[in-house]
Amino acid sequence: MDKRTLKFISLSILLILFAFVSVRAQESLIPLPTHVQWSEGTLDLSKGIQLETNHTDLVNERVLVEDILTSWQIEHSTTETQNKLPVLQLKLISSSELNESSEAYELTIDDRGISISASTPTGIFYGLQTLRQFNIQNKQIRKVTIADQPAFSWRAFLLDVGRNYQPMDMLKEQIDILSRYKMNVLHFHFTEDIAWRLASKNYPGLTAADNMTRWEGKYYTQEQFQELIDYCAERHILFLPEIDMPGHSAAFKRFFGVDMQSDSGIVYIKELLKEFSETFANLPYLHIGGDEVKITNNDFMPEITRYVESLGYKTVGWDPGSNLMPQTIRQLWMGGAEKIEESGEKVFIDSKHLYINHMDPLETVTTLFHRKIGEQGDEHANLIGATLCSWPDRAVSKPIDMFYQSSIYPAILTFAERSWRGGGKTGWVANIVPKNSPDYQEFRDFERRLLVHKDLYFNNKPFPYVKQTDLVWDLIGPFDNNGDLSKSFISEDHPYSNEIKVTQTAEGGTIILRHWWADVIKGALKQPEENTTWYARTKIWSNKNELVPFWIGFNDLSRSYASHSPQKGTWDEQQSEVWVNGLVISPPDWKQGGEKGALETPLIDESYSYREPTMIRLNKGWNEVLVKLPVGEFKGKSWDSPVKWMFTFIPYK
């Protein structure tokens, strides 16, 4: 075979692979539409495309489609041409032609061009967000027919800037991400014990630096606040401000010198609420808080609710919390998985076990993908959706740290998929489900799509997630350690001996043996016992002798607890250990080793997602990995330093 033939064959193989990658990228939509029918062939856009709209309300959507075509380097025209170009049509139609959802859309790509139809500009906007994800190669786009609508009308993300301030450009980037993945509510929590972060012209001292205990002097002007509201509206996102009352109000009390529930406090908070309503028009909802507070004035919440409603707002409040009125939408946040029935008049938003600050970054994607909102497959009269929450209670050194400590962007994409498509798995899931589960293949496919998006859209952004599927662990145990966590067992010396009996298997980069909320979330172990030691083993293939970065961690620290840093020379307080090919892997030289945790002490390197990976030398071929997992008592040393019996070990690549 001559060189020319070899070159031709090599080029052909590359083109086939290139086309395969292109198709896979095009089929990696998030959220996955409810109905997708791919067709053979592609639409040729090499000569350009002609834009058509049938309504003046689509001005913003027209700008968006032009931005998309420009990013694809596709010439586009708004007037008819003699070349009979394919047409990209944005078309508003009556709801009876589509269905009852104002967010539904239809997207068709065929020989004639691209058509997006919806009954509202919001539906057109979402159709364009789906179109944006198509991967254009050689100015060809694959043919498809999509009919899509959300399972839940409330798909929200909560940002807590009261505790840790975030600059405007960071907020806008998150809003952009929310809009691209069809999330439609930004819950903005800006009042806290730590700081009140919205300027008041009537009471300018409320945002003075000496009235804040963290990020002193950092707040949003009224002009910036309006800018955020407008930025959300342009992207079809409802801006939901939260003025937390009467709890989480120490900053209010420091400035005014009175408790919010007192007669004087009620006067002041009403003045602030009136100023807020007069400054920011056309906001339909106001979140009035109500959680984590001792009610000393039973009339406070009803009086405030009536006053807020008189200002033109529909109210939302936390449940459990204070004595909310029946018409206030309840945002659930505490307790186990519970089915929200279609009954009565109360309306609910689910935020139970949707606090990503409590989740290990890899666990986050697993949990959120399987999370069944309100234990219902889709919306009903009493359940409108859910809110994903990021509560960085613990101080951070810089705002970007929050994105590495909590898996914010992977969480948003996963939650966007689940809240748009509905469904999910009954009960709460911490680990990847077994291969024989009907949910396994769905998770595997979503992980593939998630990683495509990571590569395409987040290569310069914090995105702490790597492929977990196919990393299978043998779990061996239990061995009774009688409270001696250093005690060794046969698995350490001969991990692959014929005498070793595998108890069960688990899959993933993070394996949670027993969750710190074991009463409501099952771990990998069917019957975890105190004062026992387990071992986990696996084999990892390497094509050559090489140094490989690994994420390694134990008892991933919550960003809401004052968990202590590991002691120097240890991985954790449970004396966990790791070996690769019989060689012990030393823990990091902790920068805060042995220090007692405190909410005002930022985490630095305590968990794998925000420190440099551990470099491990792998041999060519199979490499044996052994993890030792002792545990004593399940009860932590204190309520804010719980035991989460788990480990993370995975190549970071």
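**Strand pairing, helix H4 and the Thr120 loop**

Strand E21 (residues 577-580) and strand E22 are joined by two bridges in the antiparallel sense, where strands are DSSP runs (E) of at least two residues and helices are DSSP runs (H or I) of at least four residues, numbered from the N terminus, and two strands pair if DSSP finds at least two bridges between them. Within this pairing, Val580 stands opposite Leu583 in E22. The model is a predicted one, in which local features need pLDDT of at least 70, side-chain atom pairs count only at pLDDT 80 or more, and totals for chains, interfaces and linings use all residues. Residues are numbered from 1 along each chain as its sequence is written, and side-chain values use heavy atoms, with hydrogens and water left out.

An open sheet of six strands, paired antiparallel, runs in the order E17-E16-E19-E24-E21-E22. Strands E17 (504-507) and E22 (583-584) stand at the edges with a single partner strand each, so one side of each lacks a neighbour in the sheet.

Helix H4 (residues 168-180) has 13 residues, and its end C-alpha atoms are 18 Å apart, in agreement with the 18 Å expected at 1.5 Å a residue; the expected span is 1.5 Å times one less than the number of residues. Its buried residues (under 20% relative accessible area; exposed is over 50%, partly exposed in between; 1.4 Å probe, protein chains only) include Met168, Leu171, Ile175 and Leu178. The buried residues of H4 pack against elements including helix H3 (121-132) and strand E8 (154-160), contact being heavy atoms within 4.5 Å. Lys182, which follows H4, has a positive phi near 65°.

Thr120 lies in the loop between strand E6 (113-118) and H3, and is buried at a relative accessible area of 18%. Apart from neighbours within four places in sequence, Thr120 is in contact with Leu92 and Ser102.
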